[in-house]
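Open the model in your viewer and keep the selection panel at hand. The stops below go from rings to a pocket to charged pairs.

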Amino acid sequence: MLDQTAAALDELSAAVADAGAGTIAVSSGFRPYDNQVDTYARHVANRGQEGADLRSARPGHSEHQTGLAVDVVACDSAGCGDHDGFGGTPQSDWIAENAWRFGFIVRYEDGHTDTTGYSPEPWHLRFVGRDLAAAYAAGGYTTLEEFFGLPAAPDYG
């Protein structure tokens, strides 16, 4: 599945550029457990635990640990931006509209924090495969929880 994810990401990246929407780069892909421990701890130090839980998965709960999630950033002739600058860029808008064609969904959309447990992350793409992504898009879904009929994300409380 990891090979499929990488190949689909290559196709997505080329399509963004071919469409004239700019270029993207990967800022984060697969994360081993120890890396997620460090990532989460950094968020806790900066935001406190409640704030961290809205922005970063606790170790053992990250989609990045599956190898099926990737964070992307927008790039231009001056370089690549950061996550917080991604939303509203031509790249972000194109991806929101077209990522499903390559087997990806934007995992954490605006307005669905109560369901997903996370703040909006237009840069966080989740590979689900072309068939599921097409059904997701055709059905107008905005969260995997809704798509699969799952309860809202757990509260770590």
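Select F147. This is a predicted model, and in it F147 has a relative accessibility of 18%. The cut-off for buried is under 20%, so F147 counts as buried.

Now add Y141. Its relative accessible area is 29%, which makes Y141 partly exposed.

**Stop 1: aromatic rings**

How many aromatic pairs does a search of the whole structure find? The count is seven. Go to F104 and F127 for one of them. Their rings meet edge-to-face, with 5.2 Å from centre to centre and 65° between the planes. F104 sits in strand 4 (residues 104-108) and F127 in strand 5 (residues 121-127), so this pair ties together parts 23 residues apart in sequence. Check the surroundings of both rings: F104 is buried, and F127 is buried too.

Return to Y141 and F147. These two rings also form an edge-to-face pair. Their centres are 5.1 Å apart, and the angle between the planes is 85°. Widen the selection to Y136 and F148. Ring pairs link Y136, Y141, F147 and F148 into a cluster.

**Stop 2: a surface patch**

Keep F148 and add L132 and L150. Turn on the surface. The three residues form a nonpolar patch there. Together L132, F148 and L150 have about 280 Å² of accessible area. To place L150 along the chain, look in the segment after helix 6 (144-148).

**Stop 3: the largest pocket**

Where is empty space left? Rolling a probe the size of a water molecule over the atoms shows this. The largest pocket holds about 920 Å³ of space. Which residues are closest to its centre? Select R55, S56, A57, Y108 and Y118. They belong to a lining of 43 residues.

Next, colour by element. These give two or more residues each to the lining of the largest pocket:

- strand 1 (23-28) and helix 2 (33-55)
- strand 4 and helix 4 (113-116)
- strand 5 and helix 6

Helix 2 provides the largest share of this lining, with nine residues.

**Stop 4: salt bridges**

Show the charged side chains. The structure holds seven salt bridges. Begin with D71 and R31, whose closest N and O atoms are 3.4 Å apart. D71 is in strand 2 (residues 69-76), while R31 is in the loop between strand 1 and helix 2. The pair links distant parts of the chain, 40 residues apart. Are these two residues buried or exposed? Both D71 and R31 are buried.

Move to R107. It forms a salt bridge with the side chain of E63, at 2.7 Å from N to O. E63 lies in the loop between helix 2 and strand 2, and R107 lies in strand 4. This contact, too, links distant parts of the chain, 44 residues apart. E63 and R107 are both buried.

Stay on R107 and select E145. Their side chains meet in a salt bridge as well, 2.9 Å from N to O. E145 belongs to helix 6 and R107 to strand 4, so the pair ties together parts 38 residues apart in sequence. E145 is buried, like R107.

For the last view, show E63, R107, R126 and E145 together. Salt bridges link these four residues in a network.

Definitions and conventions: Residues are numbered from 1 along each chain as its sequence is written. This is a predicted model: local features need pLDDT of at least 70, side-chain atom pairs count only at pLDDT 80 or more; totals for chains, interfaces and linings use all residues. Side-chain values use heavy atoms; hydrogens and water are left out. Rings of Phe, Tyr and Trp (its six-membered ring) pair if their centres lie within 6.5 Å; planes under 30 degrees apart count as stacked, over 60 as edge-to-face and the rest as tilted. Helices (H or I, at least four residues) and strands (E, at least two) are DSSP runs, numbered from the N terminus. Buried means under 20% relative accessible area, exposed over 50%, partly exposed in between (1.4 Å probe, protein chains only). Patches are made of residues with over 30% relative accessible area and no salt bridge: like charges are joined within 9 Å, nonpolar side chains (Val, Leu, Ile, Met, Phe, Trp, Tyr) within 5 Å. Accessible areas come from the Shrake-Rupley method with a 1.4 Å probe; for residues, only the protein chains shown count as cover. On a 1 Å grid over the protein atoms alone, a cavity is a set of points where a 1.4 Å probe fits but cannot get out, and a pocket is an open set with protein on both sides within 12 Å along at least five of seven lines; lining residues have an atom within 4 Å of a point. Grid points are joined across faces, edges and corners, and a volume is the space filled by probe spheres set on the points.
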